[in-house]
Amino acid sequence: MKQSLGVRLWRWTIISFVALYLLVPLYAMFDFSTKPFGFADKGRTFRAWTMIPSQPDLLAAISRSLITAAIVMALILFMIVPTAIWVHLKLPGLRRPFELLCLLPLAIPAIVIVVGIAPLYRWISINISESPITLAGVYSMLILPYTYRSLSAALDAVDIHTLAEAATTLGASISRVIFGIIMPTIKTGIVNGSFIAIALVLGEYTISNILNFKTFQVVIAQIGRQNGNVAVAVSLASLLLVIFLLLIIPTKKRQGAVLDVDIA
Amino acid sequence: MTQLQYKGTGSANGRTGSRYWRSKSAYLGVMPFLLFSGLFLLYPTWNVVSGAVQDNNGQFSTTVLKEVFNSPIARQAFANSLELSAKTAIVGALLGGLFAWAIATGKPGGVFYKVSVALSSVLAQFGGVMLTFAFLATFGFNGLVSSLAVKFLPNTFLADSTWLYGMTGLSILYTFFQIPLMVLVFLPTLENLKPQWREASDALGGKAYEYWLRVGIPILTPSFVGGALLLFVNSFSAYATANTLINLSDFLTPLEIATALTSETGGSNPAEAKSLSMFMVIVVVIVMSLYALLRRKVSKWEQKR
């Protein structure tokens, strides 16, 4: 159906308005990060960009955040996914309570979780470790709703009971059934969950800032208090990196990850 | 050999027999997860809920809860939070909904579609520190738009950045991540609108506005309202953006909670933080329940098709 002139006019008005809203601040970041600062006063400079690698704490914070993301992913793979499969297979009566538990973080904002969990992290800092990597524990709970949604959709799509019975009849152990048989069939759901894990860990600020952990975002804020140009350059660089990662991950897998914020 | 092992372990019967699948020992399988979530999820939740009705010495008392409820500062912060969330949810839902419509009416699977969806998924998560920097670089002192405004429009509000550090500025920043989130939530519903319905309406002599009034809007409303509720919770719970943009510790409830928890001058007051949190949780639970009800309606309709 050919679009009428009115429709087309409306459409382009909306598109240009929203595009301006979203893109002007991004361009402004580029503009700001190439502005001269310090003793220089004219023209364009990439000095802020070249100063990124020499920022204290930054590289350490990035590598710690990546390690944290890896631990969160390991927790998903070796604890949350097997538990979800186990509940599906063996404890159908627990499915509803399990679902409610997984959706609980949606009702508890991060700022509220941090209030409740502060004593626990005080204890962990004193008795176990002061490293920000310990945040993996609370992060894996924060993404539980998203992990659960992508997992349960994947588990419902496959007849895992038949798979499990066939495998056990052929002599597979229960760990083989979970890790070798069922998990490969729900690979897409797991990939989606992991993608969200990385995004969450790299973007999290509320909990780490209040509990005084130097994660990626906290360090960016800290740089911003010393040198705005460098902080803007770092922000834009990491944003571009995320967009780049999104574009190289195959569309089909990605879209599921992104659109699966739906609950209930 | 294999057979021998098989017999040796003696578990062949146990594993395949239906009794094993339902036996009590199966509950042991959920124990690691239960312990873990008990520590990192149930304990903090319980800590807040029970702590809201205790004083700082652990005695049962509703004094703090009442104090917070009657405190003019807490009420103002709560009102600001509600106002900000409602404003940005409505504006974000409208702009995001319209933008989603613009995406859906374009060529499906085209470049514009792909870029818009990918960009939306990034920018919906783009809150906090980096968003603040983006807007400081745009409207802040020496920013892109403000320095242009100083040159060309010196008497408008754009030339003076102070508006950025208050309700107006926060609303504009929050709307920035609300629009893409609405696109992600609403686009699937729009794509489920069948072109045949429009054709049927046209064939029966319906005008464009009649189609939207009688068919389009009634079908889209539950999903649209659901999206707006999700946006409401999204900005109601947000802390990072406000924390990095403004330095007013009592302006929004999340900021007030953080201050009560970490304050270095007045000493921390966990009981106050927990009471404030309790009121936040009540609002979020109400809104999310409404959202769940609406989603149920939407998915029912989607199954019927």
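This is a tour of a predicted model with chains A and B, stop by stop, for use with the structure open in a viewer.

**Stop 1: the whole model**

Show both chains and colour them by confidence. The model scores ipTM 0.83 and pTM 0.85. For chain B, the mean pLDDT is 82, with 89% of its residues at 70 or more. Within chain B, helix α6 (residues 72-104) has the highest confidence, at a mean of 93, and helix α1 (residues 2-9) has the lowest, at 38. Select residues 1-20 of chain B: here the pLDDT is below 50, and the stretch has eight contacts in the model beyond near neighbours in sequence. Where pLDDT is low, the predicted coordinates should not be read in detail.

**Stop 2: chain A alone**

Hide chain B. Chain A contains 14 helices and zero strands, so a cartoon view should be read against an element order that is α throughout, from the N terminus on. Along the principal axes, the C-alpha atoms of chain A fill a box of roughly 75 × 70 × 35 Å. Of the 264 residues in chain A, 44% are buried. Among contacts in chain A with a separation of 6 or more, 79% are between residues 24 or more positions apart.

**Stop 3: the two domains of chain A**

Colour residues 5-33 and 49-259 of chain A separately; these are domain 1 and domain 2. How far apart do the C-alpha centres of domain 1 and domain 2 of chain A lie? The distance is 32 Å. Four residues from domain 1 of chain A and six residues from domain 2 of chain A take part in the contact. On the side of domain 1 of chain A that touches domain 2 of chain A, three residues are nonpolar, one is polar and none is charged.

**Stop 4: where chain A meets chain B**

Bring chain B back. The contact between the chains involves 70 residues of chain A and 71 residues of chain B. Which element supplies the largest share of the side of chain A that touches chain B? Select helix α1 (residues 5-33) of chain A, which contributes 13 residues. By class, the side of chain A that touches chain B has 53 nonpolar residues, 14 polar and three charged.

**Stop 5: annotated transmembrane regions**

For chain A, an unreviewed UniProt entry annotates "transmembrane region" at residues 12-30, 66-89, 101-121, 133-151, 189-207 and 228-249. Two of these spans can be selected in turn.

- Residues 66-89 of chain A are 100% helix and 0% strand, with the end C-alpha atoms 33 Å apart.
- Residues 133-151 of chain A are 79% helix and 0% strand, with the end C-alpha atoms 25 Å apart.

For chain B, the "transmembrane region" feature in UniProt (unreviewed entry) is placed at residues 25-46, 84-104, 116-143, 163-190, 211-233 and 276-294. Again, two spans serve as examples.

- Residues 25-46 of chain B are 73% helix and 0% strand, and their end C-alpha atoms lie 28 Å apart.
- Residues 163-190 of chain B are 86% helix and 0% strand, and their end C-alpha atoms lie 36 Å apart.

**Stop 6: A154(A)**

Zoom in on A154(A), in helix α7 (residues 144-157) of chain A. Is A154(A) buried or exposed? A154(A) is buried, because 22 other C-beta atoms lie within 10 Å. Leaving aside neighbours within four places in sequence, A154(A) is in contact with I186(A), T188(A) and G189(A). Measure from A154(A) to I186(A), C-alpha to C-alpha: the model gives 5.6 Å, for two residues 32 apart in sequence.

**Stop 7: N212(A)**

Move to the loop between α11 (206-210) and α12 of chain A, where N212(A) is found. Its phi is near 65°, a positive value in a residue other than glycine. Why does N212(A) count as exposed? N212(A) has 12 C-beta neighbours inside 10 Å, and a residue with 12 or fewer is classed as exposed.

**Stop 8: N227(A)**

The last selection is N227(A), in the loop between α12 (216-226) and α13 (228-248) of chain A. N227(A) counts as partly exposed because it has 16 C-beta neighbours inside 10 Å. Add F37(A) to the selection. N227(A) and F37(A) are 190 residues apart in sequence, with their C-alpha atoms 9.2 Å apart in space.

Technical notes
Residues numbered from 1 in each chain as written. Chains lettered and ligands numbered in written order. Predicted model: local features only at pLDDT ≥ 70, side-chain atom pairs only at ≥ 80, totals over all residues. Contact = placed C-beta atoms within 7 Å. Helix = DSSP H or I, 4+ residues; strand = E, 2+ residues; numbered from the N terminus. Nonpolar A, V, L, I, M, F, W, Y, C, P; charged D, E, K, R; others polar. UniProt positions renumbered as here; feature names shortened; annotations may be inferred. Buried ≥ 20, exposed ≤ 12 C-beta atoms within 10 Å, placed from the backbone. pLDDT = per-residue confidence, 0-100. Domains from an automatic or database assignment.
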